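Visitor: I should be grateful for a close look at a single part of this model, the place where the two chains meet. Please begin with one pairing of residues and work outward from there.

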Amino acid sequence: MNNQRRSVLKSGSGAAFLGALAAAGIVKPGMALADWNKASFETKNLADTLKALGVSSPADSKDIQMTAPDIAENGAVVPIGIASTLPNVTMIAIMIEKNPSTLAANFTLPAGTEPFVQTRVKMGQTSNVYALVKSDGKFFTTSKEIKVTAGGCGG
Amino acid sequence: MATNPMKIRAANNGGITEVKALISHDMETGQRKDAAGAAIPAWFITELTAKHNDKVVLSAEFGTSISKNPFLAFKFKGGAKGDKVSISWKDNKGETRTDEAVIA
């Protein structure tokens, strides 16, 4: 045990090393410093995802803009952009209701980072896509239905 | 398995730096099956951190829904021409990679 502690201290990036230990199952997830929130990524529906993220009944907001196609011809690559005019945005999450795992990504934005992220996601089938934004400690969402003509999961 | 470098572009425009990154990663969902019908194990990026010099400007957790060879764009205030932007990721097998670019 003491040896393990030594090597953690010696390692230049202690947090990353702890994460690697967690992945290897040596350190229990709760012990690692910055651990991937496995529970929230394993949720299968929107209600469970929100619960795992510690969010209760987020309000719909028109101040979140989701840039995404109405119809995705290729479900393997669906570009999603989320921007917001809400103040003090500290978190942006992308959730895809009908994917095998609902939560696609969860971004943490420190002060000074603009409330704007763009990425590409996979969609197995036509689904509502939700953007969850944390502003001033409160949660807001917006959603958009994206029709998929060829799925990107299970191919 | 060796990983390929990320492509990172960072440009400052009117005091805001926009970073675009294209990450090379298979992002296997664990849902697919190979030709023999055996499930291909999940292999995907779980965590990602972007830094401007030594300050974290974005951290992210990814699930399996992110596309193969993930694309990411974000913006932060500040950042001068010549400053360093670095992006690091870690996948569910514990592999990590860090690449950096200079703000144009």
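Guide: In this predicted model, A:T119 stands opposite B:L72, a residue of β5(B). On another strand, A:T119 has a partner within its own chain, since A:I80 stands opposite A:T119 in β7(A). These two pairings place β7(A) between a strand of chain A and a strand of chain B, as the order of the sheet described below also shows.

The contact across the chains comes first. Strand β7 of chain A, residues 113–121, is joined by four bridges to strand β5 of chain B, residues 71–77, and the two run antiparallel. Further residue pairs can be named along this junction. A:Q118 has B:A73 as its bridge partner in β5(B), and A:T113 stands opposite B:F76 in β5(B). On the chain A side, strand β4, residues 78–84, pairs with β7(A) in the antiparallel sense over six bridges. Strand β7(A) is itself mostly covered, with seven of its nine residues buried.

Together these strands belong to an open sheet of six, whose order is β2(A)-β4(A)-β7(A)-β5(B)-β2(B)-β1(B), with antiparallel pairing. Its edges are β2 (64–67) of chain A and β1 (7–13) of chain B, each of which pairs on one side only. On average, neighbouring strands in this sheet are turned by 15 degrees against each other, direction ignored. As a general point, the strands of a sheet pair through backbone hydrogen bonds, and they may do so in a parallel or an antiparallel manner.

The sheet is one part of the meeting of the chains. In total, 35 residues of chain A are in contact with 32 residues of chain B. On the chain A side, the elements that give two or more residues are α2 (14–24), β6 (103–108) and β7. The largest share of that side, eight residues, comes from β7(A). By residue class, the side of chain A that touches chain B divides into 20 nonpolar, 12 polar and three charged residues.

From β6(A), named above as a contributor to this side, the path leads into the interior of chain A. Strand β6(A) pairs with β5(A) in the antiparallel sense over five bridges, and the two form a hairpin with six residues between them. Within that pairing, A:I92 stands opposite A:F107 in β6(A). Strand β5(A) also pairs with strand β8 of chain A, residues 127–135, in the antiparallel sense and over seven bridges. There A:M91 stands opposite A:K134 in β8(A). Strand β5 of chain A, residues 89–96, is largely enclosed by the rest of the structure because six of its eight residues are buried.

The same strand matters to the account of the nonpolar interior. The largest nonpolar core has 54 residues, and of these A:I92 and A:I94 touch the most other members. Strand β5(A) gives the most to this core, with six residues. Leaving aside residues up to four places away in sequence, A:I92 touches A:I82, A:F107, A:L109, A:P115, A:V117, A:A131 and A:V133. Among these, A:F107 is also the residue that A:I92 stands opposite in β6(A).

It remains to describe the partner chain. Chain B has zero helices and seven strands, and along the sequence its pattern is β-β-β-β-β-β-β. Its C-alpha trace spans about 55 × 20 × 20 Å along the principal axes. Of the 104 residues in chain B, 38% are buried. Among its contacts between residues at least 6 apart in sequence, 53% join residues at least 24 apart.

One residue of chain B may serve as a closing example. B:K93 lies in the loop between β6 (84–91) and β7 (96–102) of that chain. B:K93 counts as partly exposed because 15 C-beta neighbours lie inside 10 Å, a number between the limits of 12 or fewer for an exposed residue and 20 or more for a buried one. The C-alpha atoms of B:K93 and B:S65 are separated by 17 Å, and the two residues are 28 apart along the chain.

Methods: Residues are numbered from 1 along each chain as its sequence is written. Chains are lettered from A and ligands numbered from 1 in the order in which they are written. This is a predicted model: local features need pLDDT of at least 70, side-chain atom pairs count only at pLDDT 80 or more; totals for chains, interfaces and linings use all residues. Two strands pair if DSSP finds at least two bridges between them. Axes are lines fitted to C-alpha atoms, for helices over the stretch in contact, and angles run from 0 to 180 degrees between N-to-C directions. Two residues are in contact if their C-beta atoms, placed from the backbone, lie within 7 Å. Ala, Val, Leu, Ile, Met, Phe, Trp, Tyr, Cys and Pro count as nonpolar, Asp, Glu, Lys and Arg as charged, and the others, Gly among them, as polar. A nonpolar core is a set of buried Ala, Val, Leu, Ile, Met, Phe, Trp, Tyr and Cys residues joined through C-beta atoms within 7 Å.
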